[in-house]
Amino acid sequence: MAAHTQKNNKPGKPGGKEAQPLIIAKTPAEEQRLKLERLMRNPDKAAPIPDRPKEWNPRAPPEFVRDVMGSSAGAGSGEFHVYRHLRRREYQRQDFLDKISEKLNRDQDYLDKVEQNRREAEERTAKRRKKREKLKQKKLMAKKKKVEEQQEEEKKSSDSSEEEQEEEEEKEDDAEAPSFIMGRK
C-alpha cells in the first residue's frame, strides 16, 4: 500500500507508467510546447487537425411575414424589441450580402488582372521569339554566305592552280616541242 500511495503523491494522472506531473502553462508558447510534447510521446498516433470553420451565413429572410408591425397606436411596449431584433438581423444579412458581392468583385478583378498579365507576358514572349528567329535567320544567312565565299575561293584557287598546272605543262611542252614541223608547207 505504501508503494501505491507513493505513486499517487505526484500531481497529474494517478498510477501507471505514464504518470506525468501536472504542468500549467503560463504563456502561449509554453502551452504550445506542452501540446507538442504530448503529441510526440506517441508519434504513431494521428494528430487531430480541426476542419476549417464554416463561413457564417445569415438566416434567410422569411417568405411570408405574419406579424407585420406598423406604427399604429396600441402597439405594446414589447413590440419595439421584436422590431429592433428583426431590423438588426436584416442589417446583418444586407452587410453579409454586400461583403460577398465585394469579395466576388475583388476575385473577378484579380482573375482579370491575372489574364491581362498572362496576355502581356505572351506578347512579350512572342516579340522576343520573333526577334530570336530573325537573329537566327541572320546568322544562318551569314554562315551560308561565308561557306559560299569559301567554296568560291576554293574554286578560284583550284581553277588558278589548274591554270598554273596547264601553263607549266605548256611550258614543259614548249621546251620539248620541235621548232619546226616536218612535212608541212
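What share of the contacts in the protein with a separation of 6 or more is accounted for by residues 24 or more positions apart? In this predicted model, residues at such distances along the chain, 24 or more positions, account for 29% of the contacts with a separation of 6 or more. The protein contains 3 helices and 0 strands, and its elements, read from the N terminus on, follow the order α-α-α. Helix 1 spans residues 2-7, helix 2 covers residues 28-41, and helix 3 extends over residues 79-176.

Confidence in the prediction varies along the chain, and the description of the individual elements is best read with this in mind. The mean pLDDT of the protein is 80, with 75% of its residues reaching 70 or more. Among the elements, helix 2 has the highest mean pLDDT, at 90, whereas helix 1 has the lowest, at 48. Over residues 1-8, pLDDT stays under 50, and for this segment the model has 2 contacts beyond four places in sequence.

With regard to solvent exposure, 2% of the 185 residues of the protein count as buried. The accessible surface of the protein comes to about 18900 Å², and carbon and sulfur atoms contribute 53% of that area. One contribution to the nonpolar surface is a patch of about 300 Å², which is made by L36, L39 and M40. Of these residues, L36 is placed in helix 2, and with a relative accessible area of 48% it is partly exposed, since the range for that class ends at 50%.

Charged side chains were examined next. Side chains of opposite charge can pair when their charged atoms come close, and the structure holds 6 salt bridges. One of them, in helix 2, joins K35 to E31, with the closest N and O atoms 3.7 Å apart. Because K35 and E31 are 4 residues apart in helix 2, about one helical turn separates them. Both partners are partly exposed, K35 having a relative accessible area of 45% and E31 one of 40%.

A salt bridge is also formed between the side chains of R33 and E37, for which the N to O distance is 2.8 Å. These two residues likewise lie in helix 2, where a spacing of 4 residues corresponds to about one turn of the helix. R33 is partly exposed at a relative accessible area of 40%, and E37, at 39% relative accessibility, falls into the partly exposed class as well.

In helix 3, K103 and D107 form a salt bridge in which the closest N and O atoms are 3.9 Å apart, a value that lies within the 4 Å cut-off applied to such pairs. K103 and D107 are 4 residues apart in this helix, about one turn. The relative accessibility of K103 is 45%, which makes it partly exposed, and D107 is also partly exposed, at 36%. Beyond this pair, E115, R118 and R119 are joined into one network by salt bridges that share partners.

Aromatic side chains were considered last. A pair of aromatic rings is described by the distance of the centres and the angle of the planes. A search of the whole structure finds 1 aromatic pair. This pair is made by the rings of W56 and F96, whose centres are 5.8 Å apart and whose planes stand at 90 degrees, so the arrangement is edge-to-face. The pair links distant parts of the chain, given that W56 belongs to the loop between helix 2 and helix 3 while F96 lies in helix 3, 40 residues apart from it. The two residues fall into separate classes of exposure: W56, at 47% relative accessibility, is partly exposed, whereas F96, with a relative accessible area of 12%, is buried, because this value is under 20%.

Terms used:
Residues are numbered from 1 along each chain as its sequence is written. Side-chain values use heavy atoms; hydrogens and water are left out. pLDDT is the predictor's confidence in each residue, from 0 to 100. Contact means heavy atoms within 4.5 Å. Buried means under 20% relative accessible area, exposed over 50%, partly exposed in between (1.4 Å probe, protein chains only). Patches are made of residues with over 30% relative accessible area and no salt bridge: like charges are joined within 9 Å, nonpolar side chains (Val, Leu, Ile, Met, Phe, Trp, Tyr) within 5 Å. Accessible areas come from the Shrake-Rupley method with a 1.4 Å probe; for residues, only the protein chains shown count as cover. Rings of Phe, Tyr and Trp (its six-membered ring) pair if their centres lie within 6.5 Å; planes under 30 degrees apart count as stacked, over 60 as edge-to-face and the rest as tilted.
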